[in-house]
Amino acid sequence: ARWRPCHRGCFVVAAVRCHVPARRLGAMPLTVDSLSAAPYNQAHLFKGATPAQKDAMVEQLNDLDGKLPGGGLEGYLMRARSLLKDAQTGKNPFVGLKPVVPEGEKLTGENAPGSEKYAEFE
């Protein structure tokens, strides 16, 4: 496939309408087929959708894939599945952590909005 820049600063494959942000240059754009297969397994998103709706969803998911930190859409789904599995098994992600109330300023009463103290923190 040949990449070419589009008018939005993205790169597109001539045969695909989906846009991929330039920072993911070299990554193939997601398609209905790739999103429906492993590791995404999101075929349910496209059931009953018209071709135009599928194209719109794929374009949005490609945009999201380029913006999500930590591995894009695939990384997001992996983290979500891991958190859901932990929740199902009752694993507490906060075990071993101790809650601490941070020190701070109370900006109420005489330190409420309109006061000099409040203005210092603005």
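This report walks through the fold, the core and a few chosen residues of one predicted model.

## Overall layout

The chain contains 4 helices and 3 strands. Along the sequence, their order is β-β-β-α-α-α-α. So much for the order; now the bulk figures.

The chain has 122 residues, and 24% of them are buried. Its accessible surface is about 9,200 Å². Carbon and sulfur atoms account for 57% of that surface. Take the contacts between residues at least 6 apart in sequence: 37% of these join residues at least 24 apart.

## The nonpolar core

In soluble globular proteins, nonpolar side chains tend to be buried together. Which residues form the largest nonpolar core here? There are 9 of them: L30, L35, Y40, F46, V58, L61, L68, L73 and L77. Two elements, α2 (51-67) and α3 (72-88), each give two or more residues to this core.

F46 is one of the core residues. Leaving aside residues up to four places away in sequence, F46 touches V32, L35, S36, K54, M57, V58 and L61. Among these partners, L35, V58 and L61 also belong to the core.

## Where α2 meets α3

Two packed helices are described by the angle between their axes and the distance between the axes. For α2 and α3, the axes come within 6 Å and cross at roughly 80°. That makes α2 roughly perpendicular to α3, because angles of 65 to 115 degrees count as roughly perpendicular.

Which residues make the contact? From α2 come L61, L64 and D65. From α3 come G72, L73 and E74. By class, this contact has 3 nonpolar, 1 polar and 2 charged residues. L61 and L73 are also listed in the largest nonpolar core.

## The loop between α1 and α2

The loop between α1 (32-36) and α2 holds P39. A cis peptide bond joins A38 and P39, with omega at about 5°.

Y40 lies in the loop between α1 and α2 as well. Is Y40 buried or exposed? Y40 is buried, because its relative accessible area is 9% and buried means under 20%. Y40 is also part of the largest nonpolar core. Not counting residues up to four places away in sequence, Y40 touches L30, S34, L35, L73, E74, L77 and R81. One of these partners, L77, is 37 residues from Y40 in sequence. In space, their C-alpha atoms are 7.2 Å apart.

N41 is found in the loop between α1 and α2 too. N41 is partly exposed, with a relative accessible area of 43%. Its phi is near 55°. That is a positive value in a residue other than glycine.

## N62 and T31

N62 sits in helix α2. How much relative accessible area does N62 have? The value is 2%, so N62 counts as buried. N62 and T31 are 31 residues apart in sequence. In space, the distance between them is 8.5 Å, C-alpha to C-alpha.

T31 belongs to the loop between β3 (20-21) and α1. T31 is partly exposed, because its relative accessibility is 30%, and partly exposed runs between 20% and 50%. T31 can also be paired with K54, 23 residues away along the chain. The C-alpha atoms of T31 and K54 are separated by 9.3 Å. K54, in turn, is one of the residues that F46 touches.

Technical notes
Residues numbered from 1 in each chain as written. Predicted model: local features only at pLDDT ≥ 70, side-chain atom pairs only at ≥ 80, totals over all residues. Heavy atoms only, no water. Core = buried A, V, L, I, M, F, W, Y, C linked by side-chain atoms within 4.5 Å. Buried < 20%, exposed > 50% of the residue type's maximum accessible area, 1.4 Å probe, protein only. Contact = heavy atoms within 4.5 Å. Axes fitted to C-alpha atoms, helices over the stretch in contact; angles between N-to-C directions. Parallel < 35°, antiparallel > 145°, perpendicular 65-115°, else oblique. Nonpolar A, V, L, I, M, F, W, Y, C, P; charged D, E, K, R; others polar. Areas by Shrake-Rupley, 256 points an atom, 1.4 Å probe, with all protein chains shown as cover.
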